[in-house]
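Here are my notes for you, as promised. Have the structure open beside you as you read, and take the points in any order you like.

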Amino acid sequence: NQNGILAMLDEECLRPGTVTDETFLDKLNTICAQHQHFESRLSKKSKFLNDHSLPHNCFRIQHYAGKVLYRVEGFVDKNNDLLYRDLSQAMYKANHSLIKQLFPEGNPAKVNLKRPPTAGFQFKASVGTLMSNLQTKNPNYIRCIKPNDKKASHIFTESLVCHQVRYLGLMENVRVRRAGYAFRQTYEPCLERYKMLCKNTWPHWRGPARQGVEALMTDLQVPAEEFSYGRSKIFIRNPRTLFFLEEKRKQCLEDLASLIQKIYRGWKCRTHFLLLKKSQIVVASWYRRYAQQKKYQKIKHSTTVVQSYIRGWQARKLLRELKYQKKCEEAVTTISAYWHGTQVRRDYRKFFRANAGRKIYNFTIQRIMQKYFLGLKSKLPSMSPIDKSWPARPYSFLDGVHTELRRIFHLWRVRLSHSAKLVLNCQSECCLLHNCLTSL
């Protein structure tokens, strides 16, 4: 039918009156009864009245992949799976953002008074969009085979698989491929994919892509009857040649991955080793510096101690020498003095005996006077004229001199503050007195 089953389902849903799944099946039986791919037990003059595999509330359509059974129960309700406009608006007004996004038709700004599209219409529109998109692309068809009807893993139904292989046209495709070339590809992608299998083409081939592919096939020793060269493509006859190339490429990729891993691990270990070596050198240099510093300090301390002992020994030796030299000089001086005294006494003995008493007396008087004046110098009273203290005389024959000196000292103290002339007179008198005492 040109309208299709989905279009008739939409017409049945829009029809006024009572609409059920049975009325939809009756319409299909009425319109599609003479169609060669439609089968139903309820259609007039049906040849499937005795077919017990076809229930009364079902119809069967023969697709390109085989016959498919459809049950009409729930067709109308599922096609009219509509949501009332007020419910959509209520859900759109919810505060939750996810709920608001799930019901965009509830937006008051996009209110559409038309009847919402049915599930069948949406499916047809989706398929039409998909086909329009496929027409603009270069599609590659992938045949998917369902292994079983239970959707379970590791279970293969042989009859089901063979049925799908037969109706998908895979056997014819394999026969065509075996009669010609199973694989064809342009030279540039082929060389780019398999260039790692030959040393001449790896890593870069300098020249035309076809010559690179020829060098690759020659190096791999692929039999000449297994492939052929075209103007822009290479044709491979048997799939085992392609499997051979893929196996070699897989092994080469594993070898390259191992090589990259080896180089990376070597670089990582070498970098780690160099870092450890650098750290060890820094630590060793600092430790050697510290050890040499401690060793130098010990040597310096030992040298200082040895130097101090040596210098002390030299100083003590020099001191002993100086003391010994001083003692020698003192001994020589003493001996020389005694010797000279002996010589002088020996030479002047005869003169000394004649005037010995007078000389001894004068010498004794001179020493007594000298001692007296030196003692008087250190025991003079204060400079105050009212101070009447005066040192005692040591000998009685000094009474006159002692009294005269006391008087002169007192006058000198009194007149010292009046005039310098009196001081000079007193000094002159003192000098005169001293001369007189000296003459005595």
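**Notes on the aromatic pairs and the surface**

1. Phe409 and Trp412 both sit in helix α14 (residues 399-415), where 3 residues, about one turn of the helix, separate them. Please keep in mind throughout that this is a predicted model.

2. How buried or exposed are the two residues, Phe409 and Trp412? Phe409 has 9% relative accessibility and is buried, while Trp412, with a relative accessible area of 23%, is partly exposed. The cut-off helps here: buried means under 20%, so Phe409 falls inside that class and Trp412 falls outside it.

3. The structure has 8 aromatic pairs. One of them is Phe38 with Phe59, a stacked pair whose centres are 5.8 Å apart and whose planes make an angle of 25°. Phe38 belongs to strand β1 (residues 38-39) and Phe59 to strand β2 (residues 58-63), so this pair ties together parts of the chain that are 21 residues apart in sequence.

4. Both rings of that pair belong to buried residues: Phe38 has a relative accessible area of 8%, and Phe59 comes to 1%. Returning to helix α14, Phe409 and Trp412 form a tilted aromatic pair, with 5.9 Å from centre to centre and 40° between the planes.

5. Which residues join Phe38 and Phe59 in one aromatic cluster? The other members are Phe24, Tyr70 and Phe75.

6. A ring also meets a charge in this model: the charged end of Lys100 sits over the ring of Tyr92, at 5.2 Å from the ring centre.

7. Now for the surface. Leu6, Phe123, Val127, Leu130, Met131 and Leu134 make a nonpolar patch of about 510 Å². Helix α6 (residues 119-135) gives the most to this patch, with 5 residues. Leu134 is in helix α6, and its relative accessibility of 36% makes it partly exposed.

8. Finally, some totals for the chain. Its secondary structure comes to 15 helices and 6 strands. Of its 440 residues, 21% count as buried. The chain exposes about 34800 Å², and carbon and sulfur atoms supply 59% of that area. Among contacts with a separation of 6 or more, 44% are between residues 24 or more positions apart.

Key: Residues numbered from 1 in each chain as written. Predicted model: local features only at pLDDT ≥ 70, side-chain atom pairs only at ≥ 80, totals over all residues. Heavy atoms only, no water. Phe/Tyr/Trp six-rings, centres within 6.5 Å; stacked < 30°, edge-to-face > 60°. Helix = DSSP H or I, 4+ residues; strand = E, 2+ residues; numbered from the N terminus. Buried < 20%, exposed > 50% of the residue type's maximum accessible area, 1.4 Å probe, protein only. Lys NZ or Arg CZ within 6 Å of the ring centre and 35° of its normal. Patch = residues over 30% accessible without salt bridge, like charges linked within 9 Å, V, L, I, M, F, W, Y side chains within 5 Å. Areas by Shrake-Rupley, 256 points an atom, 1.4 Å probe, with all protein chains shown as cover. Salt bridge = Lys/Arg side-chain N within 4 Å of Asp/Glu carboxyl O. Contact = heavy atoms within 4.5 Å.
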